[in-house]
Amino acid sequence: MKKDLILFGYTGSIGKQVLEVLSSASCKYRIVGIVSYSRTDGLDKILKKFKSIEAVGIVKGELNISGKKIYMGNVLQMISDYKNACVFNAVSGVNGLEVSLEAIDLGRTLFLANKESIVIGYKLLKKSLKANPKAKIIPIDSEHSSLYKLLSLKQKVKSIYITCSGGALRDLPLEKVGSANYEMVKKHPTWSMGDKITVDCATLVNKAFEVIEARFFFDYDFDSIHVLMHDESLIHALVELVDGSFSLELASNDMKIPIAYALNDCKRSEENFSKFNLVDLHFRKFEEERYPLFRLILNNFNENTTALAIISAADEIAVNAFINDEISFKDIYTIIVNTFKRVRQNDVDSILDIMHAISEANRVASEIIEEIRKG
């Protein structure tokens with residue numbers, strides 16, 4: 001019998017690929033609920049294809065459909081109402097934290113493709129997992145899914161590695177990076193992803209977040225978590241063993257592989273994945289001066305304060321402005337740094353502390369954008 005699943009973020013890149021995997025007869029899950037923030041892309045087609053869907057939710061906006069349970073605004077109630085459902089969090093950005101906390105607080109299995117949940121809610125998620133031992137989180141990022149597989153082999157591991165393509169600007173002369181526009185940045189060399197994460201790949205904000213995720217999931221300190229620049233994005237993660245040799249996960253850059261692994265109860269399945277062609281593999285030196293936000297984030301990580309909530313919220317505002325051609329690429333760094341300086345950090349005792357920090361960061365980052373636009 002298939003297990004029930006609620007998908008948050010069905011209109012995004014990951015959400016669409018989750019639906020592709022769920023359409024396989026061998027998938028161990030059936031989808032009973034879908035939620036979006038404000039878009040309803042392809043909703044009629046989805047409901048026609050997946051007869052098992054009973055509930056549809058939207059955070060902002062209206063739904064004009066019949067024959068389904070409708071959730072508008074308070075979409076988290078869907079998790080409470082479907083008491084046996086697992087939760088797939090494919091929400092983009094800081095809005096994903098509430099979904100993650102609700103799923104863990106209710107003791108569910110959470111499939112997590114929202115890295116911001118961990119980055120800004122690190123302490124709260126750890127606390128909730130401890131209080132709800134039946135709950136568990138399965139990572140969806142290709143790097144962490146690969147590490148999950150490699151570390152399950154029970155080898156003696158000295159350090160872990162996640163890989164990084166370097167984003168669309170990796171070969172651009174350093175002096176030209178700051179003036180790059182979105183048309184240049186969105187041409188990721190190996191992955192096809194959503195707008196925001198594609199920009200975060202160019203700044204390496206996403207990779208700093210993934211280092212923090214690796215610390216959360218696998219309990220390695222930062223000194224034992226390394227980033228390897230790898231052009232083809234075919235090696236997703238490596239583990240260095242105590243004898244100096246390495247084990248690694250080598251696969252096509254197809255997000256349906258980690259999604260299918262998760263939705264097959266962490267077992268490999270035979271699906272129609274992208275064809276893998278073994279080619280020459282290339283690596284390069286990590287030029288930190290090209291990615292100043294990477295070190296800024298890791299240097300200021302503190303699970304007990306709102307530091308990363310401020311940075312993450314500022315990044316979201318700045319990236320959106322960049323995508324809309326309101327600021328230059330170099331302004332993303334300026335906005336995040338100055339927002340971080342202007343917004344006071346506080347201790348994290350509840351989600352309200354994080355939400356307040358995000359609200360303040362959003363306000364200050366928007367003010368800085370206006371300052372930049374006015375010159």
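**View 1. A seven-stranded open sheet with parallel pairing, in the order β4-β3-β2-β1-β5-β6-β7.** Strands here are DSSP E runs of at least two residues, helices are H or I runs of at least four, and both are numbered from the N terminus; two strands pair if DSSP finds at least two bridges between them. The edges belong to β4 (69-72) and β7 (136-139), each of which pairs on one side only. From one strand to the next, the twist averages 20°. Angles run from 0 to 180 degrees between N-to-C directions, and axes are lines fitted to C-alpha atoms, for helices over the stretch in contact. Now for some housekeeping: this is a predicted model, where local features need pLDDT of at least 70 and side-chain atom pairs count only at pLDDT 80 or more, while totals for chains, interfaces and linings use all residues. Residues are numbered from 1 along each chain as its sequence is written, and side-chain values use heavy atoms, with hydrogens and water left out.

**View 2. The β6 and β7 pair, plus helix α1 on the sheet.** Strand β6 (residues 109-112) runs parallel to β7, and four bridges join them. Look for Leu112, whose bridge partner in β7 is Pro139. Helix α1 (residues 13-22) packs on this sheet and touches β1 (3-8), β2 (29-36) and β5 (86-89). Its direction makes about 160° with that of β1.

**View 3. An open sheet of five strands with mixed pairing, ordered β11-β10-β8-β9-β12.** At the edges stand β11 (246-250) and β12 (283-284); each has a single partner strand, so one side of each is left without a neighbour in the sheet. In general, strands of a sheet pair through backbone hydrogen bonds, either parallel or antiparallel. Strand β9 (residues 225-230) and β12 run antiparallel, joined by two bridges. Across that pairing, His230 stands opposite Phe283 in β12.

**View 4. Helix α10 lying across β8 (157-164) and β9.** The helix runs at about 150° to β8, with contact meaning heavy atoms within 4.5 Å. How many of its 14 residues are buried? The count is 13, so to speak a mostly covered helix; buried means under 20% relative accessible area, exposed over 50% and partly exposed in between (1.4 Å probe, protein chains only). The length of α10 checks out too: at 1.5 Å a residue, its 14 residues should span 20 Å, and the end C-alpha atoms are 20 Å apart, which agrees. That expected span is 1.5 Å times one less than the number of residues.

**View 5. Two residues other than glycine with positive phi, Asp219 and Lys154.** Asp219 follows α10 and sits in the loop between α10 and β9. Its phi is near 60°, and at 71% relative accessibility Asp219 counts as exposed. Lys154 has a phi of about 60° and lies in the loop between α6 (142-151) and β8. Lys154 is exposed as well, with a relative accessible area of 73%.

**View 6. Helix α5 (residues 115-131) against α13.** The two axes come within 7 Å and cross at roughly 145°. On the α5 side you'll find Glu116, Val119 and Ile120, which meet Leu308, Ala309 and Ser312 in α13. By class, this contact has four nonpolar, one polar and one charged residues. (Nonpolar covers Ala, Val, Leu, Ile, Met, Phe, Trp, Tyr, Cys and Pro; charged covers Asp, Glu, Lys and Arg; the others, Gly among them, are polar.)

**View 7. The salt bridge of Lys196 with Asp200 (2.5 Å, N to O).** A salt bridge is a side-chain nitrogen of Lys or Arg within 4 Å of a carboxyl oxygen of Asp or Glu, and the count by this rule comes to 29. Both partners lie in helix α9 (residues 195-203), four residues apart, or about one turn of the helix. Lys196 and Asp200 are both buried.

**View 8. More salt bridges, including Glu303 with Arg215.** The closest N and O atoms of Glu303 and Arg215 are 3.5 Å apart. Glu303 lies in the loop between α12 (292-299) and α13 (307-323), and Arg215 in helix α10 (residues 205-218), so the pair ties together parts 88 residues apart in sequence. Arg215 is partly exposed, at a relative accessible area of 25%. Lys256 and Asp254 also meet in a salt bridge (3.4 Å, N to O), and both are buried. Finally, Lys115, Asp141, Glu143, Lys207 and Glu210 are joined into one network by salt bridges that share partners.
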